[in-house]
Amino acid sequence: MKRFLLGLIVASVASIGLGGITAFAGSSTPFTASYSSTGTDHWNCSGYHDVHHSGITDSETCFVTGNTSGYVAGTYSSGTVCPAGYGAATGTTDCGYIPPLGLVYWLSDYNGHLATSWTMVVTGETNGTFRIDVDSAYSS
């Protein structure tokens, strides 16, 4: 009888597997988004929303077309304190400057959550459009 019970326990563990004791590998979900930030430009973005043991991040590439006057190639990032009136970002260092948008904070194009930090590399294309590579981190 003991061998039978031991056999049932071993068979149960084998069928359930050892997944409960392995490390969380995380997940990566692709997304796309399209919108305007100035009313005369058009952002067309695609990227990945990653959830892993070290945090939550988005990594995406956006192409900006339409009226791109005022956009300037360069690297821009959060780290500026958001003033009163910036909603959930007020008082945080989630804001940064992006020409021509001015002082802004970043919301995820995947789920709309406020980024706790972000970096954008803006590159001017030869046809007058801009490529923007965005890396952002989130607390949830």
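The following exchange between a biologist and a modeller goes through a predicted model of one protein.

Biologist: In what order do the elements of the protein run from the N terminus on?

Modeller: The protein has one helix and eight strands, and its 140 residues include a buried share of 28%. Read from the N terminus on, the elements run α-β-β-β-β-β-β-β-β.

Biologist: In which order do the six strands of the open sheet lie?

Modeller: The pairing in this open sheet is antiparallel, and its edge strands, each of which pairs on one side only, are S1 (27-35) and S4 (74-77). From one strand to the next the twist averages 15 degrees. The order of the six strands is S1-S2-S3-S8-S7-S4.

Biologist: Which residue of S2 is the bridge partner of phenylalanine 31?

Modeller: Strand S1 and strand S2, the latter covering residues 41-52, run antiparallel and are joined by nine bridges. Within this pairing, the partner of phenylalanine 31 in S2 is glycine 47.

Biologist: Which residue in S8 stands opposite valine 64, and which one stands opposite tryptophan 118?

Modeller: S3 and S8 run antiparallel with nine bridges between them, and the residue of S8 opposite valine 64 is phenylalanine 130. S7 and S8 also run antiparallel, joined by eight bridges, and here the residue of S8 opposite tryptophan 118 is serine 136.

Biologist: In the hairpin of S7 and S8, which residue takes a positive phi?

Modeller: This hairpin has five residues between the strands. The residue with a positive phi, near 90 degrees, is glycine 128.

Biologist: Which side chains of S8 point to the buried face?

Modeller: The side chains alternate along this strand, so to speak of one face is to leave out Arg131, Asp133, Asp135 and Ala137, which point to the other face and are not buried. Those that point to the buried face are Phe130, Ile132, Val134, Ser136 and Tyr138.

Biologist: Is alanine 137 buried, partly exposed or exposed?

Modeller: Alanine 137 has its place in strand S8, and beyond four places in sequence it touches Ile56, Thr57, Ala115, Thr116 and Ser117. The C-alpha atom of alanine 137 is separated by 5.5 Å from that of alanine 115, which is 22 residues apart from it along the chain. Its relative accessibility is 22%, and because buried means under 20% and exposed means over 50%, alanine 137 counts as partly exposed.

Biologist: Which element gives the most residues to the largest nonpolar core?

Modeller: This core has 18 residues, of which Trp43, Trp106, Trp118, Met120 and Ile132 touch the most other members. Two or more residues come from each of S2, S3 (55-66), S7 (117-124) and S8 (130-138). The element that gives the most, with four residues, is S8.

Biologist: Which residues does methionine 120 touch, not counting those up to four places away in sequence?

Modeller: Methionine 120 is one of the residues that touch the most other members of the largest nonpolar core. Its contacts beyond four places in sequence are with Gly74, Thr75, Tyr76, Ile98, Trp106, Ile132, Asp133 and Val134.

Biologist: Why is the disulfide of cysteine 45 and cysteine 62 called right-handed, and what is its torsion?

Modeller: The sulfur atoms of cysteine 45 and cysteine 62 are 2.1 Å apart, and the pair links distant parts of the chain, with cysteine 45 in strand S2 and cysteine 62 in strand S3, 17 residues apart. Cysteine 45 counts as buried at 2% relative accessibility, and cysteine 62 counts as buried at 0%. The disulfide is right-handed because the torsion about its S-S bond is about 110 degrees.

Biologist: How many residues apart in sequence are the parts that cysteine 82 and cysteine 95 tie together?

Modeller: A disulfide with an S to S distance of 2.0 Å joins cysteine 82 to cysteine 95, and with 115 degrees about the S-S bond this link is right-handed. Cysteine 82 and cysteine 95 are buried. Both lie in the loop between S4 and S5 (96-98), so the pair ties together parts whose separation in sequence is 13 residues.

Biologist: What pattern do the disulfides of the protein follow?

Modeller: The count of disulfides comes to two. With bonded cysteines counted along the chain, the pattern is 1-2, 3-4.

Definitions and conventions:
Residues are numbered from 1 along each chain as its sequence is written. This is a predicted model: local features need pLDDT of at least 70, side-chain atom pairs count only at pLDDT 80 or more; totals for chains, interfaces and linings use all residues. Side-chain values use heavy atoms; hydrogens and water are left out. Two strands pair if DSSP finds at least two bridges between them. Axes are lines fitted to C-alpha atoms, for helices over the stretch in contact, and angles run from 0 to 180 degrees between N-to-C directions. A nonpolar core is a set of buried Ala, Val, Leu, Ile, Met, Phe, Trp, Tyr and Cys residues joined through side-chain atoms within 4.5 Å. Buried means under 20% relative accessible area, exposed over 50%, partly exposed in between (1.4 Å probe, protein chains only). Contact means heavy atoms within 4.5 Å. A disulfide is a pair of cysteine sulfur atoms within 2.5 Å.
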